[in-house]
Amino acid sequence: MLDVPLPAAGERVCTPFLHGSADALLLARLARRGRPLVAVTATAADAQRIREEIPFFDPGLRVFLFPDWETLPYDLLSPHHDLVSERLATLYQLMRRDFDVAIVPVTTALYRLAPVEYLAARSFSFTQGQRLEAPTLRRQLVTAGYSHVTRVTAPGEYCVRGGLIDLFPAGSALPYRLELDDEVIESMRSFDVDTQRSIYKVNEVRLLPAREFPLDEEGQARFRHNFRVAFEGDPSRSLVYKDVSKGIASAGIEYYLPLFFDKTSVLTDYFPEDALLCAQSGLQQAIEQFWSDTHARYAMLRGDRANPVLPPQDLFLTTDQFFGAIKPFARVELKTSRSDSPPARGGVPAQAGGVVGATADYVTTPAASQPPLLEKEGIAGKATTALPSLAVERRASDPVHRLRSYLASFEGRVLIVAEGAGRRETMLGYFTEHGLAPVPVESYAAAVSGSERLMITVAPLHAGFVLAEPLTALVTENELYAEQARARRARDGAARVSPEGMLRDLSEIRIGDPAVHEQHGIGRYQGLVSMNLGEGETEFLALEYARGAKLYVPVSSLHLVSRYSGAPAEA
């Protein structure tokens with residue numbers, strides 16, 4: 001069974017080998033056992049992946065991601081206010097123990113943070129019917145780092161217009177409008193940033209600080225004092241020193257964060273004492289690569305007297321400091337396959353089976369900084385195994401013959417996972433056409449409790465695997481269409497080709513079917529055409545438009561073409 005015993009504080013256990021997205025399933029099961037769980041990943045991409053996958057396995061869990069600033073060390077560029085807002089909200093949840101799973105990339109966990117007391121002292125809430133004096137509120141907002149504007153559009157802003165107070169708290173998805181009646185909060189509503197129209201009533205508004213550092217008079221004085229201690233020469237020559245003295249947050253001010261405090265905290269200071277820490281493979285390699293890059297940037301920038309930079313050790317934890325900080329916690333080491341792990345230093349090849357540093361992460365650090373590894377590795381044996389090749393072969397007479405053969409030999413149930421509802425309908429029709437009839441299910445729980453042999457559902461799983469108990473194979477589109485480029489999700493949701501209808505294989509479309517090209521719009525698919533453009537024979541998709549116009553799209557650009565789903569094909 002995919003499970004491990006919970007270690008005591010200061011102990012660590014190692015999981016059996018986890019294939020594909022099985023690590024997200026294990027994390028969901030561990031979190032359901034009652035203790036707050038913190039997952040530390042080797043990359044930001046893994047953190048985002050696990051954040052998306054855990055709700056599929058257990059939608060009832062409260063999952064938070066502690067994001068990175070997404071700037072390079074010492075960049076003269078500040079992180080987006082939405083990222084700062086999300087970071088503060090996650091720290092608040094950690095501090096209040098109001099979470100089930102918190103996920104953090106290891107390089108993000110290296111950053112020194114504002115003390116826990118800073119966040120606690122500058123967090124407060126309003127409730128309907130509460131007495132609220134506008135001058136007192138203004139002082140609180142200025143202390144918390146909020147900016148007064150004429151129109152509230154972003155976290156960290158507020159506006160006072162008579163008895164109306166518009167407020168966009170950090171960590172909130174929407175701003176709020178407070179209506180006062182003789183210094184009493186009569187109503188509180190969320191409102192839309194674009195239309196400025198109220199949406200729905202709320203009973204309580206939580207206010208977090210607008211920044212990760214104080215920019216009030218006390219914070220400015222402490223910054224100036226610490227700046228003069230840290231750097232030699234005339235501080236008035238420094239632009240950041242002059243800006244902070246005027247109450248202005250310069251671009252890149254975050255990399256001077258320790259100067260705003262007498263003492264900083266680290267991320268583990270925000271963890272509950274009984275938190276279960278789950279560490280992914282490859283952490284040490286990721287930390288060493290981060291430090292190598294950071295030292296290179298520091299050596300390049302340290303000579304700029306107009307913009308002096310703090311030494312890396314003042315801003316980030318070293319390898320020994322990081323492992324020392326997580327040592328007191330109960331720890332589960334996730335042994336996973338990571339094709340995108342940083343290469344081992346010194347050119348040492350990865351271990352057999354694709355595990356990069358699965359156990360060496362901690363063996364190579366000083367023994368004094370590591371808790372004992374309990375002799376429980378491989379407790380569950382082969383709790384998961386890898387899937388065989390199941391790729392669709394569009395040129396074969398039976399394109400799904402590999403999946404058909406696997407179904408015939410596999411004794412358990414098979415769950416096919418589509419990336420979206422549109423993709424599910426496309427795949428369902430395609431499989432039915434070739435003699436396979438997967439039964440649609442709405443969730444992982446429904447698939448596990450069901451009795452059907454072949455099922456299909458929608459989930460953002462990155463890779464499939466075979467679960468030993470209950471014997472179930474999860475097959476994603478990455479296994480079925482292994483040679484096709486996977487659509488990248490745009491951060492802003494502005495993807496021009498919808499992944500719902502995106503073609504993964506030409507066998508999904510027939511001659512005469514309508515298809516949509518990203519730039520040229522709707523045409524009719526007329527099959528494949530081979531042409532020689534001087535670089536050998538190349539296959540193109542032929543799309544026919546009005547008045548016989550033809551567009552030839554290279555097969556390598558299949559991701560630019562999607563199925564048309566706006567109306568029946570005949571229309």
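**Figure 1. Helix H12 of this predicted model buries Leu403, Tyr406 and Leu407.** Let's start with a short helix, H12, made of residues 401-409. Its buried residues Leu403, Tyr406 and Leu407 cover an arc of only 100 degrees around the axis, so they lie on the same side of H12. Turn to the other side of H12 and you meet Ala408 and Ser409, which are exposed. What do the buried residues of H12 pack against? Their partners include two helices you can look up by number, H13 (421-433) and H15 (477-480). Strands E16 (413-418), E18 (454-458), E19 (465-467) and E20 (472-476) are also packed against by the buried residues of H12.

**Figure 2. Trp69 and Tyr111 meet as an edge-to-face aromatic pair.** For readers new to ring geometry, a pair of aromatic rings is described by the distance of the centres and the angle of the planes. A search of the whole structure turns up 24 aromatic pairs, and the one shown here joins Trp69 and Tyr111, with 5.2 Å from centre to centre and 85 degrees between the planes. Trp69 belongs to the loop between strand E3 (63-65) and helix H3 (81-96), while Tyr111 belongs to the loop between strand E4 (101-105) and helix H4 (116-121), so this pair ties together parts that are 42 residues apart in sequence. Are Trp69 and Tyr111 buried or exposed? Both Trp69 and Tyr111 are buried.

**Figure 3. Tyr111 also pairs with Tyr255, this time in a tilted arrangement.** The ring centres of Tyr111 and Tyr255 are 6.4 Å apart and the planes are at 55 degrees, so the pair counts as tilted. This pair links distant parts of the chain, 144 residues apart: Tyr111 in the loop between E4 and H4, and Tyr255 in the loop between helix H7 (239-245) and strand E13 (276-280). Tyr111 has a relative accessible area of 5% and Tyr255 one of 2%, and the cut-off for buried is under 20%, so Tyr111 is buried and Tyr255 is buried. Step back and a cluster appears, in which ring pairs link Trp69, Tyr74, Tyr111, Tyr255, Phe290, Trp291, Tyr298 and Phe316.

**Figure 4. The charged end of Arg177 sits over the ring of Phe191.** Here a charge meets an aromatic ring: the charged end of Arg177 is 4.2 Å from the centre of the Phe191 ring.

**Figure 5. Thr153 sits in the loop between strands E6 and E7.** You can find Thr153 between strand E6 (147-148) and strand E7 (157-161). With a relative accessible area of 40%, Thr153 is partly exposed. Leaving aside residues up to four places away in sequence, Thr153 touches Phe168 and Val193. From C-alpha to C-alpha, Thr153 and Asp166 are 9.9 Å apart in space, and they are 13 residues apart in sequence.

**Figure 6. The largest cavity has a volume of about 70 Å³.** Rolling a probe the size of a water molecule over the atoms shows where empty space is left. In the whole structure, the search finds five cavities of 30 Å³ or more. Which residues line the largest cavity? Among them are Val40, Val104, Ala109, Val266, Leu267 and Thr268. The lining also includes Phe271, Leu277, Leu317, Phe322 and Ile326.

**Figure 7. The whole protein has 15 helices and 25 strands.** Of its 571 residues, 52% count as buried. Among contacts between residues at least 6 apart in sequence, 70% join residues at least 24 apart.

How values were computed. Residues numbered from 1 in each chain as written. Predicted model: local features only at pLDDT ≥ 70, side-chain atom pairs only at ≥ 80, totals over all residues. Heavy atoms only, no water. Phe/Tyr/Trp six-rings, centres within 6.5 Å; stacked < 30°, edge-to-face > 60°. Helix = DSSP H or I, 4+ residues; strand = E, 2+ residues; numbered from the N terminus. Buried < 20%, exposed > 50% of the residue type's maximum accessible area, 1.4 Å probe, protein only. Lys NZ or Arg CZ within 6 Å of the ring centre and 35° of its normal. Arc of directions from axis to C-beta. Contact = heavy atoms within 4.5 Å. 1 Å grid on protein atoms, 1.4 Å probe; cavity = no way out; pocket = protein on both sides within 12 Å on 5 of 7 lines; lining within 4 Å. Points joined across faces, edges and corners; volume = space filled by probe spheres on them.
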